[in-house]
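Trainee: Could you take me closely through one part of this model, the way its helices are packed together and what sits on the outside? Please keep it connected rather than giving me a list.

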Amino acid sequence: MDEHSKMIAVMRLLQFTDSTFPVGTFSFSNGLETAAFENIVTDAASLEAFAASQSRQAAFSDGVAALLTHRAFLGADYDTCRHMDRFLIMFKMNAEARLMIQRMGKKLAELAVRLFDSDMIAHWLDEIKSGDTPGTYPVAQGMVFAAAGIHEKELFCSHQYGIINMVLSAALRCVRVSHYDTQLILERLSSEIPALYQEASRMKPEDMNAFFPQLDILASLHEKGNMRMFMN
């Protein structure tokens, strides 16, 4: 890749990772809202532990799916992209998690067909609209980042940043923490991403795991909960 292409890839990475990128991340808290309401997350220390759990769960499920999709897209292997989409939705035990990744995935696919001339992405969006495939956000990320010429390491970093930042941004509205607290947490959790990537990058679909039952319990409570600033 020449310098011109590298600079464009960096700009696209910034664009896709920005919190204002219109895929709906601001609508969700990844279970934090209920954790705060139930006094499980009350301060910076408990917030960091919660965000770390979310990051690790995402790395070995959604993150693996994104990496495998990225590789399949580069190899023009649409069947594997479609398989990962259907495979990943089975990892979501609660309705709100399924809603979150499907709504965000469709939004990203709709944006991508306007940004890139890709028959694979256009066909995938058609299948999402017809209900033939769920259209999950990590799979959308894998396809779109590959189409944008962004390396899989940057894809993984962007994905993990999105998960952590979603929680920390929500925390500023429902937990007693400051911007200083959230930025320090982000700094510390960011240092763990290289190790998570090394492990996730070697995983196959059958190696994926997302066993953090507390997070699914919190999500199920949120579905009928009283505190609702966020959809999830």
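Mentor: I start at the surface and work inward; bear in mind throughout that this is a predicted model. V10, M11 and L14 together make a nonpolar surface patch of about 310 Å². V10 belongs to helix α1, which covers residues 3–17. V10 counts as partly exposed because its relative accessibility is 46%, and the limits for that class are 20% and 50%.

The helix that carries V10 also holds a salt bridge. The side chains of K6 and E3 meet with N and O 3.7 Å apart. Both residues lie in α1, three residues apart, which is about one turn of the helix. K6 is partly exposed, at 39% relative accessibility, whereas E3 has a relative accessible area of 54% and is therefore exposed.

Now to the interior. The largest nonpolar core has 69 residues, and L32 and L47 are the members that touch the most others in it. Helix α9 gives the most to this core, with nine residues. L47 shows what such a position looks like in detail. With neighbours within four places in sequence left aside, L47 is in contact with L32, V41, V167, L168, A171, V177, T182 and I185. That list includes L32, the other residue named for touching the most core members.

L32 also brings us to α9, which spans residues 152–174. M166 is in that helix, and its C-alpha lies 9.4 Å from the C-alpha of L32, although 134 residues separate the two in sequence. M166 counts as buried because its relative accessibility is 7%, and the limit for buried is under 20%. G162, also in α9, gives another long-range pairing. The C-alpha atoms of G162 and S19 are 8.0 Å apart in space, with their positions 143 residues apart in sequence. G162 has a relative accessibility of 27%, so it counts as partly exposed. In α9, then, M166 is buried and G162 is partly exposed.

Next, consider what α9 packs against from another direction. Helix α11, residues 193–200, has I193, L196, Y197 and A200 as its buried residues. Viewed down the axis of α11, these fall within an arc of 100°, so they line one face of the helix. The buried residues of α11 pack against α9, and also against α3 (44–59), α4 (62–74) and α10 (179–190).

Two of those partners, α3 and α10, are also joined by charge. R188 and E48 form a salt bridge, with 2.8 Å between the closest N and O atoms. The pair links distant parts of the chain, with R188 in α10 and E48 in α3, 140 residues apart. R188 is partly exposed, as its relative accessible area is 41%.

Helix α4 takes part in another bridge of this kind. K92 pairs with D62, the closest N and O atoms being 2.7 Å apart. This pair too links distant parts of the chain: D62 is in α4, while K92 sits in the loop between α5 (78–89) and α6 (95–115), 30 residues away. Both K92 and D62 are buried. The count for the model comes to five salt bridges, among them the three described here: K6 with E3, R188 with E48 and K92 with D62.

Last, the connections between helices. The loop between α2 (32–37) and α3 contains N39, which has a positive phi of about 60° although it is not a glycine. N39 counts as exposed because its relative accessibility is 60%. The loop between α4 and α5 contains A76, another residue other than glycine with a positive phi, here near 55°. A76 is exposed, having a relative accessible area of 59%.

To put the parts together: L47 and L32 touch the most other members of the core, α9 gives the most residues to that core, and α11 sets its buried residues against α3, α4, α9 and α10. The α10 and α3 helices are further linked through R188 and E48. On the outside are the patch made by V10, M11 and L14 and the exposed loop residues N39 and A76.

Notes: Residues numbered from 1 in each chain as written. Predicted model: local features only at pLDDT ≥ 70, side-chain atom pairs only at ≥ 80, totals over all residues. Heavy atoms only, no water. Patch = residues over 30% accessible without salt bridge, like charges linked within 9 Å, V, L, I, M, F, W, Y side chains within 5 Å. Areas by Shrake-Rupley, 256 points an atom, 1.4 Å probe, with all protein chains shown as cover. Salt bridge = Lys/Arg side-chain N within 4 Å of Asp/Glu carboxyl O. Helix = DSSP H or I, 4+ residues; strand = E, 2+ residues; numbered from the N terminus. Buried < 20%, exposed > 50% of the residue type's maximum accessible area, 1.4 Å probe, protein only. Arc of directions from axis to C-beta. Contact = heavy atoms within 4.5 Å. Core = buried A, V, L, I, M, F, W, Y, C linked by side-chain atoms within 4.5 Å.
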